[in-house]
Amino acid sequence: MHVMNTCDDPKDVYSAACPCRNMLDLLANKWSALALGALEDGPQRFGALRARLQGVSPKVLTQTLRRLEDHGLVHRDVYPEVPLRVEYSLTPLGRDANVPLAHLRTWVERNIDRFPGPA
């Protein structure tokens, strides 16, 4: 007998089948949190984002931006110029998500010396 894993409350992140888990997974990702933070200052092109997010590969940044766009956090504007110009910006939902993420980023920076072991 196959047991269907359902979510009784679609807003309970502790439930294994809760759709909230996908969003939590996305926002808890290091590159997502950093990309959203980098976009706080306004629209940016891919190259500028990559330079700001030191250590991210082009492939990972592309995947991250696509996921953020798919979930309504980032908007991608394509300008029909030669060469083609693409800019990424925060949506209202992305700006809302940035509020708690900014607190988390600041908390980590302020408390990094309190963590045992290599940083």
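This is a guided tour of a predicted model, stop by stop, with what to select at each one.

**Before you start**

Residues are numbered from 1 along each chain as its sequence is written, and side-chain values use heavy atoms, with hydrogens and water left out. Because the model is predicted, local features need pLDDT of at least 70 and side-chain atom pairs count only at pLDDT 80 or more, while totals for chains, interfaces and linings use all residues.

**Stop 1: the whole chain**

Show the protein as a cartoon. The secondary structure comes to 5 helices and 3 strands. Helices (H or I, at least four residues) and strands (E, at least two) are DSSP runs, numbered from the N terminus. Along the sequence the pattern reads α-α-β-α-α-β-β-α.

Now colour by burial. Buried means under 20% relative accessible area, exposed means over 50%, and partly exposed lies in between (1.4 Å probe, protein chains only). Of the 119 residues, 29% are buried.

Contacts come next; the term means heavy atoms within 4.5 Å. Among contacts between residues at least 6 apart in sequence, 40% join residues at least 24 apart.

**Stop 2: the sheet**

Select strand 1 (residues 44-45), strand 2 (residues 74-79) and strand 3 (residues 85-90). These 3 strands form an open sheet in the order 1-3-2, with antiparallel pairing. Strand 1 and strand 2 stand at the edges, each with a single partner strand, so one side of each has no neighbour in the sheet. Two strands pair if DSSP finds at least two bridges between them.

Look at strand 3. It is largely enclosed by the rest of the structure, because 5 of its 6 residues are buried. Strand 1 is joined to strand 3 by 2 bridges. Gln44 has Tyr88 as its bridge partner, and Arg45 has Glu87.

Move to strand 2. Here 6 bridges join strand 2 to strand 3. One bridge pairs His75 with Ser89. Strand 2 and strand 3 form a hairpin, with 5 residues between them.

**Stop 3: Glu87**

Stay in strand 3 and select Glu87. Is Glu87 buried or exposed? It counts as buried, at 17% relative accessibility.

Show its side chain together with that of Arg85. A polar contact of 2.9 Å joins the two. Such a contact is a pair of N or O atoms within 3.5 Å; within protein, one must be able to donate a hydrogen and the other to accept it, and residues adjacent in sequence count only if both atoms are side-chain atoms.

Then display what surrounds Glu87. Leaving out residues up to four places away in sequence, Glu87 touches Pro43, Gln44, Arg45, His75, Arg76, Asp77 and Tyr79.

**Stop 4: Val74**

Go to strand 2 and pick Val74. Val74 is buried, with a relative accessible area of 3%. Add Leu90, which is 16 residues away along the chain; the two C-alpha atoms are separated by 4.6 Å.

Which residues does Val74 touch, not counting those up to four places away in sequence? They are Leu36, Leu39, Leu68, Glu69, Tyr88, Ser89 and Thr91.

**Stop 5: helix 2**

Select helix 2 (residues 30-38). It is largely enclosed by the rest of the structure, because 7 of its 9 residues are buried. The buried ones are Trp31, Ser32, Ala33, Ala35, Leu36, Gly37 and Ala38.

Zoom in on the N-terminal end, where Asn29 is the cap. A side-chain oxygen of Asn29 lies 2.8 Å from the backbone nitrogen of Trp31.

**Stop 6: helix 2 against helix 4**

Add helix 4 (residues 58-70). Its axis comes within 10 Å of the helix 2 axis, and the two cross at roughly 75°. Axes are lines fitted to C-alpha atoms, for helices over the stretch in contact, and angles run from 0 to 180 degrees between N-to-C directions. The two helices are therefore roughly perpendicular. Angles under 35 degrees count as roughly parallel, over 145 as roughly antiparallel, 65 to 115 as roughly perpendicular and the rest as oblique.

Show Trp31, Ser32, Ala35 and Leu36 of helix 2 with Val60, Thr64 and Leu68 of helix 4; these residues make the contact.

**Stop 7: helix 2 against helix 5**

Swap in helix 5 (residues 92-111). The axes of helix 2 and helix 5 come within 10 Å and cross at roughly 105°. This pair is therefore roughly perpendicular too.

Select Ala33, Leu34, Leu36 and Gly37 in helix 2. They meet Asn98, Leu101 and Arg105 in helix 5.
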